[in-house]
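This briefing walks through one region of a protein structure, taking a helix and a sheet in turn and then the way they meet. Please keep the sequence and the coordinates at hand while reading.

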Amino acid sequence: MRFILLSLIVVKRKEKERKAKESQRKKNLELQRKKKAKEKKQAEERAKVARSKAKAAEKARKQKELERKKAAADAKAKRLKKEAEAKKAKERKKKEDERKRKEKEAKERAEQDRLLAEQMEQEMASRQQARQQQMVSEINRYTALITQTIQRYLITDKATMEGKSCKLTITLAPSGFVISVKTGQGDPVVCSAAKNAVRKAQTLPVSKDPEVFSKMRTISLTVVPEF
């Protein structure tokens with residue numbers, strides 16, 4: 001009987017120990033589960049934080065990349081603008097230099113033309129003056145020849161003509177033929193004799209130069225009888 005009681009006590013003790021171990025095991029399992037859950041939650045939190053940081057880092061990287069591209073684009077635009085402005089400035093300078101060159105050439109040509117015109121004008125004036133002098137000399141020469149011709153045909157009388165004179169106006173043909181003769185101021189006797197002398201001569205010396213002849217077609221001269 002005592003043995004049975006002792007056996008029952010041992011059995012109950014073992015059952016109690018088993019239940020205590022089982023309870024402890026369950027507690028340990030629950031603690032491990034909670035620990036793992038906590039660790040999992042912490043891992044998820046860390047992963048979430050890491051993803052957030054990675055996302056922020058990627059966003060920052062993209063922002064920096066955008067800023068870099070924008071800075072590069074701005075720098076390129078600035079460089080292109082500067083190059084365009086430099087090109088325009090160079091073209092403006094080229095055009096201005098060309099304008100100044102053409103203006104200088106135009107001034108030089110104008111000055112050359114002016115000097116040439118002035119030289120030609122001086123030469124023309126000189127030629128005209130020389131021609132005028134030649135014509136005057138020629139007219140004077142033929143006037144003297146005409147006067148000499150009139151003197152040859154002039155019938156003089158020292159008693160009535162000495163110291164007297166007469167002005168004649170004679171119109172001539174290109175051949176020297178006398179078309180008309182008119183007397184002007186002077187002694188009537190001398191004028192009559194001079195007029196008759198011209199008529200006797202009929203033809204007087206004239207220049208073959210048309211221009212000279214045009215100046216002496218109608219010629220005025222003074223006849224002074226020579227003795």
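What should the 14 residues of helix α3 (residues 188–201) span at 1.5 Å a residue, and how far apart are its end C-alpha atoms? In this predicted model, the expected span is 20 Å and the end C-alpha atoms of α3 are 20 Å apart, so the two values agree. The points below take up the two faces and the two ends of this helix, and then the sheet that it lies across.

**Faces of helix α3**

- The buried residues of α3 are Val190, Cys191, Ala193, Ala194, Ala197, Val198 and Ala201.
- Because these residues cover an arc of only 170° around the axis, they are placed on the same side of α3.
- Pro188 and Arg199 are exposed, and they sit on the face of α3 that is turned away from its buried side.

**Ends of helix α3**

- The N-terminal end of α3 is capped by Asp187, which has a side-chain oxygen 3.1 Å from the backbone nitrogen of Val189.
- After α3 comes Gln202, whose phi is positive, near 65°, although Gln202 is not a glycine.
- Most residues other than glycine have a negative phi.
- Gln202 belongs to the loop between α3 and α4 (210–216).

**The three-stranded sheet**

- An open sheet is formed by three strands in the order β2-β1-β3, with antiparallel pairing.
- Since β2 (178–186) and β3 stand at the edges and have a single partner strand each, one side of each is left without a neighbour in the sheet.
- On average, and with direction ignored, neighbouring strands of this sheet are turned by 20° against each other.
- Strand β1 (residues 166–172) runs antiparallel to β3 and is joined to it by six bridges, with Thr171 standing opposite Thr218 in β3.
- Six bridges likewise join β1 to β2, again in an antiparallel arrangement, and the bridge partner of Leu172 in β2 is Val178.

**Faces of strand β3 and the packing of the helix**

- Strand β3 (residues 218–223) has a covered face made up of Ile219, Leu221 and Val223, whereas Thr218, Ser220 and Thr222 make up its uncovered face.
- Thr218, which stands opposite Thr171, is thus named on the uncovered face of β3.
- Helix α3 lies across β1, β2 and β3, and it runs at about 165° to β2.

Key: Residues are numbered from 1 along each chain as its sequence is written. This is a predicted model: local features need pLDDT of at least 70, side-chain atom pairs count only at pLDDT 80 or more; totals for chains, interfaces and linings use all residues. Side-chain values use heavy atoms; hydrogens and water are left out. Buried means under 20% relative accessible area, exposed over 50%, partly exposed in between (1.4 Å probe, protein chains only). Helices (H or I, at least four residues) and strands (E, at least two) are DSSP runs, numbered from the N terminus. Two strands pair if DSSP finds at least two bridges between them. The expected span of a helix is 1.5 Å times one less than its number of residues. The arc is that of the directions from the helix axis to the C-beta atoms. A polar contact is a pair of N or O atoms within 3.5 Å; within protein, one must be able to donate a hydrogen and the other to accept it, and residues adjacent in sequence count only if both atoms are side-chain atoms. Axes are lines fitted to C-alpha atoms, for helices over the stretch in contact, and angles run from 0 to 180 degrees between N-to-C directions. Contact means heavy atoms within 4.5 Å.
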